[in-house]
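Work through the exercises below with the sequence and the 3D structure at hand, and try each task before reading its solution.

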Amino acid sequence: MQKPNKRLEGQTCIVTGGSSGIGKAVALAIGRDGANVVVNYHSNAESAEEVAHQISKDSLCGDAIAIQADVSHEADVVEMFSTTIETFGTVDICIANSGIQRDAALTDMSLSDWQRVIDVNLTGQFLCAREAIREFLRRGMRPDVSTSLGKIIHMSSVHQIIPWAGHANYAASKGGLVMLMESICQEYAPHKIRVNSIAPGAIQTPINREAWNTPESLEKLLKLIPYKRIGVPDDIGSAAVWLASDESEYVNGTTLYVDGGMTCFPGFTANG
Ligand code: BGC
């Protein structure tokens, strides 16, 4: 673990999908900055417990627990928030990170593949944001820990603006997130709530293993990344800590692209 910092001390953060990939790195980074962390998971209890343990065993980090919940189920999300509030007193930061892919050509895409991706990637983020805001409003300001009433970070993707053949359900869910995030910001910024998205590019995690696990696929992938390296989960962890901290206090309703320049259309470097 890197040296702990203290930008989030005294705050509590829920990270959904915190047992692996980007969510795991985000949970560890948030814990390192002093926050208590709820490591939410869907099915991998062992890995979520291990992430929580890594945070709580370090006396310089915050405390942590793992909580199972399917973010697309309203009752699960409501219960996750009440357990968090019982355990830590409140929620200050919600990082709605859970996301899945069910890839298929559109003509082969089943309704259930469409629905499941929308349920987890979009409805799940709505449910988490709603419960978080209810708690922020109930609890009121805590000027000793933050200048904002609460912070929500939606984990989006470069595919909120880059269309993606063979992944229409995923791209539609991320495109929907833009309007969800910006509408929530417009509605709740007057209450001093900050709502932003992080849009990762190609980050080396199990979700996109096929895009990097052979030298040939990695070479093909790097053609899409001007910075010429694949992202690592910690790239997103540090962005999330900054967006959750008061250092970014005036940042609201924004998407922070963390993509090595992927959204700068590298296909046009020597063409067009
Ligand atoms: C997807 C990855 C993909 C990346 C860049 C992410 O949102 O989950 O599978 O590699 O976007 O295309």
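**Exercise 1.** Find which residue of S4 stands opposite Ile-14, and describe how the two strands pair.

*Solution.* Ile-14 stands opposite Cys-94 in S4. Next, strand S1 (residues 12-15) and strand S4 (residues 93-96) pair in the parallel sense over 3 bridges, where strands are DSSP runs of E of at least two residues and helices are runs of H or I of at least four, numbered from the N terminus, and pairing requires at least two DSSP bridges. The model is predicted, with local features needing pLDDT of at least 70 and side-chain atom pairs 80 or more, while totals for chains, interfaces and linings use all residues. Residues are numbered from 1 along each chain as its sequence is written, and side-chain values use heavy atoms, without hydrogens and water.

**Exercise 2.** Determine the strand order of the open sheet and name its edge strands.

*Solution.* The open sheet has 7 strands in the order S3-S2-S1-S4-S5-S6-S7, with parallel pairing. Strand S3 (64-68) and strand S7 (255-258) are the edge strands, since each pairs on one side only.

**Exercise 3.** Decide whether helix H1 is largely enclosed or not, and check its length.

*Solution.* Of the 12 residues of H1, 11 are buried (under 20% relative accessible area, 1.4 Å probe, protein chains only), so H1 is largely enclosed by the rest of the structure; among them are Ile-22, Leu-28 and Arg-32. For the length, the 12 residues of helix H1 (residues 21-32) should span 16 Å at 1.5 Å a residue, counting one less than the number of residues, and the end C-alpha atoms are 17 Å apart, which agrees. Just after H1, Gly-34 takes a positive phi of about 100°.

Methods. Buried < 20%, exposed > 50% of the residue type's maximum accessible area, 1.4 Å probe, protein only.
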